[in-house]
Amino acid sequence: RGRTAHRARPAVNLADLTPRQQDVVGAHDHSILVTGGAGTGKTTVALWAARAELERPGKEKKRALFLTFSRTAVEQISSRSRSVVSAVEDRIEVSTFHSFAYRLVRQFGYLTGATGRDPSVQSASEMKLLGRARERLVYDDLAPLARTIMEDPRVAALLAERWCLVVCDEFQDTGDGQWAILEWLSRNS
């Protein structure tokens, strides 16, 4: 009660994609921009591209990373992925930019000297009510701080080996911080 039922999307086979969509899936270009209106299959194409990349010889230990801007988008990508990427599902990471940045800050911030031992984030409403807590991060700190941490040679070496493909969902929403992360990740994927 109180929840909206969502219909399961039918499984999509590679043969169901249009010739242009199949071209994107098989592309070997360093960067590809896929445009289209809502419901035109951009996410499905990106998932097929991830599967194709992860199934290429020599990529057995690599992962694909999908970055987006909302938890709802993460849920949608994750639910759609099951019918497309089941063979490589455990090697696909889907995350919001903030969550990805916070993960890097928590895992590597202290080790690189960028943060204290257990950094926490102050919510916007808490900051508005109580003022900024000097010892805590705010959401606007996360992307620039993560980007700084990514430059540490030890962290850079680990991250460079992790992802062979990075997909940015809703690219038009990227700000400077997200773009800096994508730019760095694209050096090796």
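Let's start with the empty space inside this structure, which is a predicted model. Rolling a probe the size of a water molecule over the atoms shows where empty space is left. Here, the structure holds 1 cavity of 30 Å³ or more. The space in that largest cavity comes to about 30 Å³.

Which residues line the largest cavity? If you have the structure open, click along with me: L159, A160, W163, W184, L185, N188 and S189. Two elements give two or more residues to that lining, namely α7, residues 153-160, and α8, residues 176-185. Sorted by class, the lining has 5 nonpolar residues, 2 polar ones and no charged ones.

Now let's move from the cavity to the largest pocket. About 1,000 Å³ of space lies in the largest pocket. Its lining is made by 36 residues, and the closest to the pocket centre are I32, L33, V166, V167 and C168. The elements that contribute two or more residues to this lining are α1, α2, β5 and α8. Which of them gives the largest share? That is α2, with 6 residues. What about the classes of residue in the pocket lining? There are 20 nonpolar, 9 polar and 7 charged residues.

Please keep L33 in mind, since we meet it again on the surface. L33 sits in the loop between α1, residues 19-26, and α2, residues 42-54. Is L33 buried or exposed? Its relative accessibility is 65%, so L33 counts as exposed; the cut-off for exposed is over 50%. Together with F171 and W179, L33 forms a nonpolar patch on the surface. The three residues of that patch have about 340 Å² of accessible area together.

Next, the charged pairs. Side chains of opposite charge can pair when their charged atoms come close. How many salt bridges does a search of the whole structure find? The count is 13, and I'd like to walk you through a few of them.

One of them joins E53 and K59, with the closest N and O atoms 2.4 Å apart. The two partners differ in how they are covered. E53 counts as buried because its relative accessibility is 12%, and the cut-off for buried is under 20%. K59, at 22%, counts as partly exposed.

Another pair is K62 with E161, where the closest N and O atoms are 3.9 Å apart. This pair links distant parts of the chain, as its partners are 99 residues apart. K62 is in the loop between α2 and β1, residues 63-68, while E161 is in the loop between α7 and β5, residues 163-168. K62 has a relative accessibility of 19%, so K62 counts as buried. E161, by contrast, is exposed, with a relative accessible area of 55%.

The third pair I picked is E93 with R103, whose side chains meet in a salt bridge at 3.0 Å, N to O. Why does this pair tie together separate parts of the sequence? E93 lies in strand β2, residues 92-96, and R103 lies in helix α4, residues 97-112, so the bridge ties together parts that are 10 residues apart in sequence. E93 is buried, with a relative accessible area of 8%, and R103 is partly exposed at 30% relative accessibility. This pair also belongs to a network: salt bridges that share partners join R63, E93, R103 and R162.

Two last stops, and then I'll let you explore. The first is a backbone angle, at E170. Phi of E170 is near 60°, which is a positive value in a residue other than glycine. You will find E170 in the loop between β5 and α8. With 36% relative accessibility, E170 counts as partly exposed.

The other stop is S186, in the segment after α8. S186 counts as partly exposed too, at 25% relative accessibility. How many Å separate the C-alpha atoms of S186 and F66? The answer is 13 Å, for two residues that are 120 residues apart along the chain.

To recap the empty space: the largest cavity has about 30 Å³, and the largest pocket has about 1,000 Å³. If you'd like a place to begin on your own, try L33: L33 is one of the residues closest to the centre of the largest pocket, and L33 is also part of the nonpolar surface patch. Thanks for listening!

Notes. Residues numbered from 1 in each chain as written. Predicted model: local features only at pLDDT ≥ 70, side-chain atom pairs only at ≥ 80, totals over all residues. Heavy atoms only, no water. 1 Å grid on protein atoms, 1.4 Å probe; cavity = no way out; pocket = protein on both sides within 12 Å on 5 of 7 lines; lining within 4 Å. Points joined across faces, edges and corners; volume = space filled by probe spheres on them. Helix = DSSP H or I, 4+ residues; strand = E, 2+ residues; numbered from the N terminus. Nonpolar A, V, L, I, M, F, W, Y, C, P; charged D, E, K, R; others polar. Patch = residues over 30% accessible without salt bridge, like charges linked within 9 Å, V, L, I, M, F, W, Y side chains within 5 Å. Areas by Shrake-Rupley, 256 points an atom, 1.4 Å probe, with all protein chains shown as cover. Salt bridge = Lys/Arg side-chain N within 4 Å of Asp/Glu carboxyl O. Buried < 20%, exposed > 50% of the residue type's maximum accessible area, 1.4 Å probe, protein only.
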